[in-house]
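Me: Hi! Could you go through this model with me?
Reply: Happy to, let's have a look together.

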Amino acid sequence: MKLARAINISDLRKMAKARMPRMVFDYIDGGADDEVTLKHSVSRFDDYQLTWRSLLDVSHIDTSTTIMGQDTSLPFFISPTASTRLFHPAKGELAMAGAAQKAGVIYACSTLASHTLEDIAKATSGPKWVQIYVWRDKELVRNFLARAKEAGFTGCILTVDLPVPGNRERDPRNQ
């Protein structure tokens, strides 16, 4: 099935599942334990309703907005995702940053990127943020943020996780 034939998210998921190795698909698609939080995160979108209006001029629709002071063409950004080379082995984050630039949206680089901050910054002139974990070694954090700033990253996303990794039940099934 060609990408242009996908008419909804379910179609995209089916296409990804058919093309990717099971371990890679499950990494992207899955969550921890019984995936209850994942299900709730997705079902939260059911709380929103689109309000349609008829007899309006829609020849020009502006989806641009500002997120944390950064202009973007769409009201979202590319979230930090670790190990991007799993799903784009050749370029990983470089491909994601380039795609974000092409779409005019913000790219947020994972702390656990498979490319250096400097290489990612060279791959895009678009807006870019960096994800940060506050590790015990504060000097490591300061150095990471200094490198990001020097490379042209203009925003920072603080990630706070549990002190232990999530129990991703799909992983042992995939060995």
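Me: Why is the sulfur of Cys156 in no bond with the closest cysteine sulfur?
Reply: That closest sulfur belongs to Cys109 and is 11 Å from the one in Cys156, which is too far for a bond. The whole structure has zero disulfides (a disulfide being a pair of cysteine sulfur atoms within 2.5 Å). Keep in mind that this is a predicted model, where local features need pLDDT of at least 70 and side-chain atom pairs count only at pLDDT 80 or more, while totals for chains, interfaces and linings use all residues. Residues are numbered from 1 along each chain as its sequence is written, and side-chain values use heavy atoms, with hydrogens and water left out.

Me: And Cys109, buried or exposed?
Reply: Cys109 is buried, at 0% relative accessible area. Buried means under 20%, exposed over 50%, and partly exposed in between (1.4 Å probe, protein chains only). Cys156 counts as partly exposed at 37%.

Me: New topic: which strands form the open sheet?
Reply: Four of them, in the order β3-β4-β5-β6, with parallel pairing. Strands here are DSSP runs of E with at least two residues, numbered from the N terminus, and two strands pair if DSSP finds at least two bridges between them.

Me: Which ones stand at the edges?
Reply: β3 (77-78) and β6 (155-158) do; each has a single partner strand, so one side of each is left without a neighbour in the sheet.

Me: How many bridges join β5 and β6?
Reply: Four, with β5 covering residues 128-132. Gln131, for instance, has Ile157 in β6 as its bridge partner.
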